[in-house]
Amino acid sequence: MSRTLFVLAGEVSGDMHAAGVVAELLRRKPDVRVFGIGGERLRALGAELSFDTRQMSIMGFVDVLRHAGFLRKVISELKRLVRAEKPDAALLVDYPGMNLIMARFLHDLGIPVIFYISPQVWAWKEGRVGKIRKTVDRLLVIFDFEVDFYRRRGVNAEFVGNPVIEELRDEELPPADVFLRKHHIEQGAILIGLLPGSRRQEISKILPEMIRAAGMLGEQYNAVFLLGRAPHLDFRWQDHVAEDRDIRVVECRSYEVMKYSNLAFVTSGTATLEALCFGLPMIVVYRTGWMNYQIGKRLVKLKSISLANIVARGLGAAGQAVPELIQHDACAEGMVKAAMQLLDNPALAADMRAELLGARDKLASASPSRAVTAIIEEYL
């Protein structure tokens, strides 16, 4: 008799992490049927998806309110499907707003709830810990400090390692000289990465400032700019380049940006953690709408917002491993000033690279996907 797994991965990164688990699960149990929400990676594995991550890419308090009707429709349809399919277990990946609602519903139906990649309750909305305690059967966390955080609040969290390490291990990137020849980049050019994010809302607010900063830096340095494009998004960076800006932008994969750049502007999010794993000197930037920012700054209780700083220095650390430019400071002028400090001081950049590479060890695990799969198998 075949078994059924419900999966809810509402973001691009969640689709990637869930796909690693589902691929491993299908290797062990080929007859398992997977359904729910995901993206192109889960679909390629044969998952039956009612909604795509591209539809679910909604961020910020204002956008959530604006799309409240759609989100209610999604939740209603998911509940209908779960009642009809009666899955043997549920894998909820990140995406806490919807996943915690579904966790309660699933729990009430007696369906085991496995939550992979905990909500960042250590940053804000600590009240969610109570919901997790009541509705989640297995909480699988990807940062070692989360185990103690939850234990002190009565939740038995299990550290399975960070999937970023696993995904990077599977990447095959050519030597730098091969990359340079492929893109006709001269030896000695400074490579500056531009990583504007994977959501349209982020890109619309951050990419124009990154391009402006590139134009200003291009006037002072022999620089080529590597633009990391999320594969699911279609945007024209050229629209943000003024006619008098003479810069060269090479579009490539995000991991190529991280491997070959001398430094990069990185939108706060998972990309800062990936860049940390490459030891990439970076300037973290983040901009959102005015209302989102006003609400967020009153709720978020961290001294640093980027995962790179949190992993490198710790939750309560006052200092930062990499500079963060938030909201009004995340402008072209601020980016250029921070970039010049690294470009003109190689020793500072080298120290940053060494600290980031050292912090990578805190994420290590043989294989998070295998660890998560082994736990899921207990319920199938």
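Two strands count as paired if DSSP finds at least two bridges between them. By that yardstick, strand 12 and strand 13 of this predicted model do pair, in the parallel sense and over three bridges. Within this stretch, Tyr286 sits opposite Ile326 of strand 13.

The pair belongs to a bigger arrangement, an open sheet built from six strands in the order 10-9-8-11-12-13, with parallel pairing. Strand 10 (249–252) and strand 13 (324–326) are the edge strands, each of them pairing on one side only. Going from one strand to the next, the twist averages 20°.

As for the protein overall, its 380 residues include 54% that count as buried, and the chain contains 18 helices and 13 strands. Contacts were also sorted by how far apart the partners lie in sequence. Of those with a separation of 6 or more, 68% involve residues 24 or more positions apart.

Helix 13 (residues 270–278) comes next. Its buried residues are Thr272, Leu273, Glu274, Ala275, Leu276 and Cys277. These buried residues have quite a list of packing partners: on the helical side, helix 9 (163–169), helix 12 (254–260), helix 15 (307–313) and helix 17 (346–359). Two strands of the open sheet, 11 and 12, are packed against as well, as strand 11 (263–267) and strand 12 (282–286) both meet the buried residues of helix 13. After the helix comes Gly279, with a positive phi near 65°.

One of those partners, helix 17, can be looked at in more detail. Two packed helices are described by the angle between their axes and the distance between the axes. For helix 13 and helix 17, the axes come within 7 Å and cross at roughly 105°. That angle falls in the 65 to 115 degree range, so the two helices are roughly perpendicular to each other. Helix 13 brings Leu276, Cys277 and Phe278 to this contact, while helix 17 supplies Arg353, Leu356, Leu357 and Ala359. Sorted by type, the residues of the contact come out as six nonpolar, no polar and one charged.

Another helix pair is made up of helix 5 (residues 68–85) and helix 6 (residues 96–108). Here the axes come within 11 Å and cross at roughly 30°. An angle under 35 degrees counts as roughly parallel, and that is why helix 5 is described as roughly parallel to helix 6. The crossing of helix 5 past helix 6 is right-handed. From helix 5, the contact takes in Leu71, Val74, Ile75, Leu78, Lys79, Val82 and Arg83. On the other side, helix 6 contributes Met98, Ile101, Met102, Phe105 and Leu106. The residues of this contact divide into 10 nonpolar, no polar and two charged.

Ile75 gives a residue-level view of the same contact, being one of the helix 5 residues that make it. With a relative accessible area of 14%, Ile75 falls under the 20% cut-off and is therefore buried. Leaving aside residues up to four places away in sequence, Ile75 touches Met98, Ile101 and Met102, and these three are among the helix 6 residues in the contact. Ile75 and Ile101 are 26 residues apart in sequence, yet their C-alpha atoms are 8.3 Å apart in space.

Terms used. Residues are numbered from 1 along each chain as its sequence is written. This is a predicted model: local features need pLDDT of at least 70, side-chain atom pairs count only at pLDDT 80 or more; totals for chains, interfaces and linings use all residues. Side-chain values use heavy atoms; hydrogens and water are left out. Helices (H or I, at least four residues) and strands (E, at least two) are DSSP runs, numbered from the N terminus. Buried means under 20% relative accessible area, exposed over 50%, partly exposed in between (1.4 Å probe, protein chains only). Contact means heavy atoms within 4.5 Å. Axes are lines fitted to C-alpha atoms, for helices over the stretch in contact, and angles run from 0 to 180 degrees between N-to-C directions. Angles under 35 degrees count as roughly parallel, over 145 as roughly antiparallel, 65 to 115 as roughly perpendicular and the rest as oblique. A crossing is left-handed if the near helix is turned anticlockwise from the far one by less than a right angle, and right-handed if clockwise. Ala, Val, Leu, Ile, Met, Phe, Trp, Tyr, Cys and Pro count as nonpolar, Asp, Glu, Lys and Arg as charged, and the others, Gly among them, as polar.
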